[in-house]
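Grab your viewer and work through a few exercises on the chain shown below. Try each task yourself before you read the solution.

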Amino acid sequence: MMSWSRGVCEANGIQVHYLRTGGARPPVVMLHGLMGSGACWTPVARALERGFDVVMPDARGHGDSSAPHDGYRYDELASDVVGLLRGLGLSRPVLVGHSMGGMTAAVVASREAGQLRALVLVDPTFLSPERQREVHASDVAGQHRQALGFQKSELVAQARARNPRRSPELIELQAEARLKTSLSAFDVLTPPNPEYREVVRAIDVPTLLVIGDSPVVTLEMATELRDINPRVRIEQIRDAGHGLPFDQPERLAEVVASFLSDLM
């Protein structure tokens, strides 16, 4: 990771901060979930950097990117990503997104099919309208407001107790990312989300949908999406919850690398 570079790109009227592994290799852009940061992809990027130039941006309101008061709905988040791809001059990148980043990546792909080589959706936030209302009404933003008052060491201790199998490195990265997540970023939870079936129907690039054992996107939903769009392939990773990049980073990297090697 020592040789990775950091940069800032002006995109869609904000400053987008990113980490980048570099090299003259096919570009892969990885979008994190709510309360994450580009750095939270570190173990996955480490496993992919020999074959790919991995770019890990911080979404608006996260990490070291701008945190404006508004613009946190999926359309704006997707426009930030499109601006980043253009600003960095990335030629036909592969877009990978987890959770909130997965929905963002899907929206980008539904708009910009000709600009992408492929898409990897890691348990994206494809929620029914009813589930969106539940999540929005939940106390997740209130819990985050409280967490912002903690020291990093307290967040690390809590996360270790909750996820004893996650690597200490990742738990530290997640705690740092959480403390840099603005409360405004939780606007993304305001219904309605883009209609995920329509988004998937509009995608015209090879797409891998990766889910764990207890995913947001159930195997039944994944199968329905493959029926809607035959370009979708499904992979299920065992012993992983919704936090696939944290529960099984090496296995996730293997699955992604294998999918991409079939395309290149």
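What follows is a set of tasks with worked solutions, all on a predicted model.

**Exercise 1. Lay out the sheet.**
Work out the order of the strands, and find which strands stand at the edges.

*Solution.*
Step 1: Trace the pairings. The 8 strands form an open sheet in the order E1-E2-E4-E3-E5-E6-E7-E8, and the pairing is mixed.
Step 2: Look for strands with a single partner. Those are E1 (5–11) and E8 (232–236), so each has one side left without a neighbour in the sheet.
Step 3: Check the twist, which averages 20 degrees from one strand to the next.
Step 4: Zoom in on one pair. E5 (residues 94–98) and E6 (residues 118–122) run parallel and are joined by 5 bridges. Within that pair, valine 96 has valine 120 in E6 as its bridge partner.

**Exercise 2. Place two helices on the sheet.**
Find which strands H2 and H9 pack on, and at what angles they run.

*Solution.*
Step 1: Start with H2 (residues 74–87). This helix lies across E1, E2 (14–20), E3 (27–31), E4 (53–57) and E5, and runs at about 115 degrees to E1.
Step 2: Move on to H9 (residues 219–228), which touches E7 (207–211) and E8. The direction of H9 makes about 160 degrees with that of E8.
Step 3: Pick a residue in H2, such as aspartate 80. Its relative accessible area is 5%, so aspartate 80 is buried. Beyond its neighbours within four places in sequence, aspartate 80 is in contact with Ala11, Asn12, Ile14 and Arg60.

**Exercise 3. Take strand E4 apart.**
Is E4 enclosed or open, and where do its side chains point?

*Solution.*
Step 1: Count the buried residues. In E4 that is 5 of the 5, so the strand is largely enclosed by the rest of the structure.
Step 2: Sort the side chains by direction. Asp53, Val55 and Pro57 point one way, while Val54 and Met56 point the other way.
Step 3: Recall the general pattern: in a regular strand, side chains alternate between the two faces of the sheet.
Step 4: Look at the partners. E2 and E4 run antiparallel with 3 bridges, whereas E3 and E4 run parallel, also with 3 bridges.
Step 5: Focus on valine 55. Arginine 20 stands opposite valine 55, and valine 29 has valine 55 as its bridge partner in E4.
Step 6: Add the connection. E3, H1 (residues 42–48) and E4 make a right-handed β-α-β unit.

**Exercise 4. Map the nonpolar cores.**
How many residues does the largest nonpolar core have, and which have the most contacts inside it?

*Solution.*
Step 1: Get the size and the hubs. The largest core has 47 residues, and Val29, Leu95, Leu119 and Phe126 have the most contacts inside it.
Step 2: Follow one hub outward. Setting aside neighbours within four places in sequence, leucine 119 is in contact with residues including Leu95, Ala105, Ile203, Pro206 and Phe259.
Step 3: Look for another cluster. A second, separate core has 33 residues, among them Trp4, Met30, Leu173 and Ala240.

**Exercise 5. Pin down arginine 231.**
Which residues does arginine 231 touch, leaving out those up to four places away in sequence?

*Solution.*
Step 1: Locate the residue: arginine 231 lies in the loop between H9 and E8.
Step 2: Check its exposure. At 38% relative accessibility, arginine 231 is partly exposed.
Step 3: List the contacts, which are Asp204, Val205, Pro206 and Thr207. Proline 206 is 25 residues away in sequence, yet the C-alpha atoms of arginine 231 and proline 206 are 5.2 Å apart.
Step 4: Look for a polar link. The side chain of arginine 231 reaches the backbone oxygen of aspartate 204 at 2.9 Å.

**Exercise 6. Hunt for unusual backbone angles.**
Which peptide bond is cis, and what is phi for methionine 35 and serine 99?

*Solution.*
Step 1: Check omega. The bond from proline 191 to proline 192 is cis, with omega near -5 degrees. Proline 192 sits in the loop between H7 (168–179) and H8 (196–201).
Step 2: Check phi at methionine 35, which is positive at about 70 degrees. Methionine 35 is in the loop between E3 and H1 and is partly exposed at 22% relative accessibility.
Step 3: Repeat for serine 99, where phi is near 60 degrees. Serine 99 lies in the loop between E5 and H3 (100–111) and is buried, with a relative accessible area of 9%.

Conventions
Residues are numbered from 1 along each chain as its sequence is written. This is a predicted model: local features need pLDDT of at least 70, side-chain atom pairs count only at pLDDT 80 or more; totals for chains, interfaces and linings use all residues. Side-chain values use heavy atoms; hydrogens and water are left out. A nonpolar core is a set of buried Ala, Val, Leu, Ile, Met, Phe, Trp, Tyr and Cys residues joined through side-chain atoms within 4.5 Å. Buried means under 20% relative accessible area, exposed over 50%, partly exposed in between (1.4 Å probe, protein chains only). Contact means heavy atoms within 4.5 Å. Two strands pair if DSSP finds at least two bridges between them. Helices (H or I, at least four residues) and strands (E, at least two) are DSSP runs, numbered from the N terminus. Axes are lines fitted to C-alpha atoms, for helices over the stretch in contact, and angles run from 0 to 180 degrees between N-to-C directions. A polar contact is a pair of N or O atoms within 3.5 Å; within protein, one must be able to donate a hydrogen and the other to accept it, and residues adjacent in sequence count only if both atoms are side-chain atoms. A crossover is right-handed if, with the strands pointing away from the viewer, the path from the first strand over the helix to the second runs clockwise.
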